[in-house]
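Trainee: Could you walk me through this structure?
Mentor: Yes, have a look first.

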Amino acid sequence: MSMLTRRAAMIGATAFGVLPVARLAQAQPRPDLLRFGLSVWPPNLQPWQSVGQAAGMIKMLIGRRLVGFDEKGELRGELARDFGRDASDGAWVFRLDPRAVFHNGEKVTSEDVKWTIEQVAGERSTAYYRAQMQRIDRIETPDAHTVRLHMKEPTATVPLWFANYNMPIVWRGTRNMNEAMGCGPYRLAAQERGSWIELQAVPNYWVPGQPRTKTIRMTLVADESLRLAALQSGDVDFIEFVPWTGMAAVEADPRFKLESTMGPFMDILFNGTRPPFDNPLVRRAVAHAVKREDIVRVAFSGRGKVLEGMPIVEGTPWWDAELSRGHNYDPERSKALLAQAGHANGINTTLLTTGAFAMHKDSAEVAQQYLAAVGIRAELRVVDWSTRVSQGIRGQYDLAVHGVSADFNDPDGLTVVLDTSLSAAHGRSFGLSAPRTTELLNKGRQEFDHARRVEIYKDMQRAALEEVPVVGLAWREQGYAFDRRVSGFRILPGALSLSSGVNLEFTSVG
Amino acid sequence: MLYVAKRIAISLVLVWVVATVVFLALHMVPGDPAEVLLSTGGTSPDPYAVAELRERLGLDRPIMVQYGEFIARLARGDLGTSLVDDYPVAEEILLRLPRTLELILAGTLIAVSIALPAATYAAVHAGGAFDRAASAVAAILQALPVFVLGTLLILVLAQWLRWMPAGGYVPFAQDPGRHLLLLLLPAVAVAKGLAATVFRMARAAVLEQLSRDHVRTARAKGLTPRRVVRRHVVRNAMIPVTTVLGLQMGTLLGGTVLVEFVFNWPGLSTPLLRAVETRDYPMVVGIVLTVSGLFLLINLAMDLLYAVLDPRIARS
């Protein structure tokens, strides 16, 4: 009586082979290791160059800024134990935490801060905050732990500059900026260019109890679907830039948690050097022509929010319900504005976007359809990212779709988008005149009274709604997803969401 | 000897032509490495910072000066360093090329070990159920885009069943088991198109051989059908199949880009794509030269092999 048939033997053999494979497939989690799925490779880790969010996250973990943000997005000291403005002479004063040391054991002193600012402001600097640091008139270092900054003109937003991830304080003995000496909770232990980076906790880090996890291994998983699959299959514990199509699945899965917020946004930019978009009436016609709900639905799978005003984060003192709908969808008004501008028969134009990011292309395609409905016939020009940047800077476009985040939640963080008096950039309208908006941004930056600032920025929004330096399209949801065993991570609100990686130092596994 | 020297000289000229075309093409398309680098993440760079970086990278010099320097460096065997982080291009290629070659080799092994027996069986039983089914599968595989197959494999085997990792790479020396496991799905994806091509080619070649006089003679001599197929059909049918396989392997050098991207296999394609996006000229030129150099090397080897097999080619 043979119980073992040929078929049964084959099934058994297959199962025998599959089971160990299935076991191997599960990379085993360890409590001292956080496996992180990175969305893009940081081009370099030079401390003050702006080379993207991924580099920013690592720079914040390796280095320390004078100031950081708490979970509510409020400023808190990081290297600075306290900071504020000296009422007697208007200087900004930062008092350093005396415990702070660089990874080489050297104490962090006011001289290091002074040296950092001087390097960033230097004539040959390629730093993101070069122009801002050049607005500092004089730096005083009365003792080893006090820095006093005298500004060329009153500036209320100075602490925000020093909270940016492109402003870490670097040891003044550093010579090679690719290996800048930081004072953060982690150090770069190993890496394979373009594949993975391993960060190791600094032994005896100067903040007791930090960081929570000994090792963070960041592996590049550029494809968003694969990144999500890597989380779901247990290959990584944590991913950034959760694809919008996958957010609902993560929320529904009891194994994972999603931390998300509305932060970055999409907008339309103009070439203001030539007709028809040198005319604010035509720009307003564009603003009222696009039904944003469809952009949210198509480009972001519903994980976004319409943006019908200037990109001011809801819930902040600067936000105003009426102003936030200042460019509401109103095709009749759009047509009337076109007619008033002398374009009753419509306009033939071009719309520049990039195919490198689906959200740019999808937003542009939806906008194109709605613009056509009011008579603005825009030929879509889809180019790669490098070309998009190049043509944006050179003004080789009529209309362009862009996606960006403000530098911070204070309205001054929108200067990079709204102040068209600044140099030509692919993320700002080209050669466009919006003098009242620019003037009010400057006024708000110089005002220290909170109530007056709120009013100034509401006036700024009114001016921008008329001058239309940009047309807001949609907020997009920014998400991090992680295994339930991971705790301690919080996403930062609004425009700061892209800086949330700094909170990995509070994150633990298991 | 003269023939060999001539072929090598032609290959060197072709390398120079490829290098020049790639260099000039990259400089002609819009996009500036300094602007792109400082705009990563969507931020708007300070034009002074861009100008300073361009100067540091030597991009402010006339293009012919840059070209002359590039060719002189190339003649010394120096591929230069990345514009993005100053990393040596040769080191990047030396690290990643073996991974791409490993993937191609594994894919080829899978393709051949499945397609050849299947093609032989299908041809011997031409018109039968297996032949019809296998031909249909080959047609589907050929039509199925590699990213669709890759995504399906990941969805079913990694996300649903959790039998396989979703992608990635572990060095063989670090963990041989996991290395092979991670290699399996991308190798299957590489094998997909190749298996279909080999199947169709081998089936046609076997069918042709089956109708030849020497096969009929072998049968008449009383050899068993299995022996006839093995000794007199398959061996002869392998000649055109081997030629196609050689050409296909060359094509796969450039064709693994999608597979490597979908499965996050860190071969040559990831740095190539990134370098094109960021206009990292030295990295793009270095990788393209390596791939085209390998292609030329395969062609050169084949030319020399033909000359050995058929001396009339060398004499002509």
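Mentor: We will take one strand, then the interface.
Mentor: This is a predicted model, where local features need pLDDT of at least 70, side-chain atom pairs count only at pLDDT 80 or more, and totals for chains, interfaces and linings use all residues. Residues are numbered from 1 along each chain as its sequence is written, chains are lettered from A and ligands numbered from 1 in the order written, and side-chain values use heavy atoms, without hydrogens and water.
Trainee: Is strand β14 of chain A mostly covered or mostly open?
Mentor: Mostly covered: seven of the eight residues in β14(A), residues 347-354, are buried, meaning under 20% relative accessible area with a 1.4 Å probe, protein chains only. Strands here are DSSP runs of E, at least two residues, and helices are runs of H or I, at least four, numbered from the N terminus.
Trainee: Which strand pairs with β14(A) over eight bridges?
Mentor: β15(A), residues 376-383, in the parallel sense; pairing needs at least two DSSP bridges. A:T353 stands opposite A:V382 there.
Trainee: And what joins β14(A) by two bridges?
Mentor: β16(A), residues 399-404, also running parallel to β14(A).
Trainee: New topic. How many residues of each chain are in contact?
Mentor: 54 of chain B with 54 of chain A, contact being heavy atoms within 4.5 Å.
Trainee: How many salt bridges between them?
Mentor: Nine, each a side-chain nitrogen of Lys or Arg within 4 Å of a carboxyl oxygen of Asp or Glu. One salt bridge links A:R193 and B:E92, at 3.3 Å, N to O.
Trainee: Which element of chain B gives the most to that side?
Mentor: α3(B), with seven residues.

Conventions. Buried < 20%, exposed > 50% of the residue type's maximum accessible area, 1.4 Å probe, protein only.
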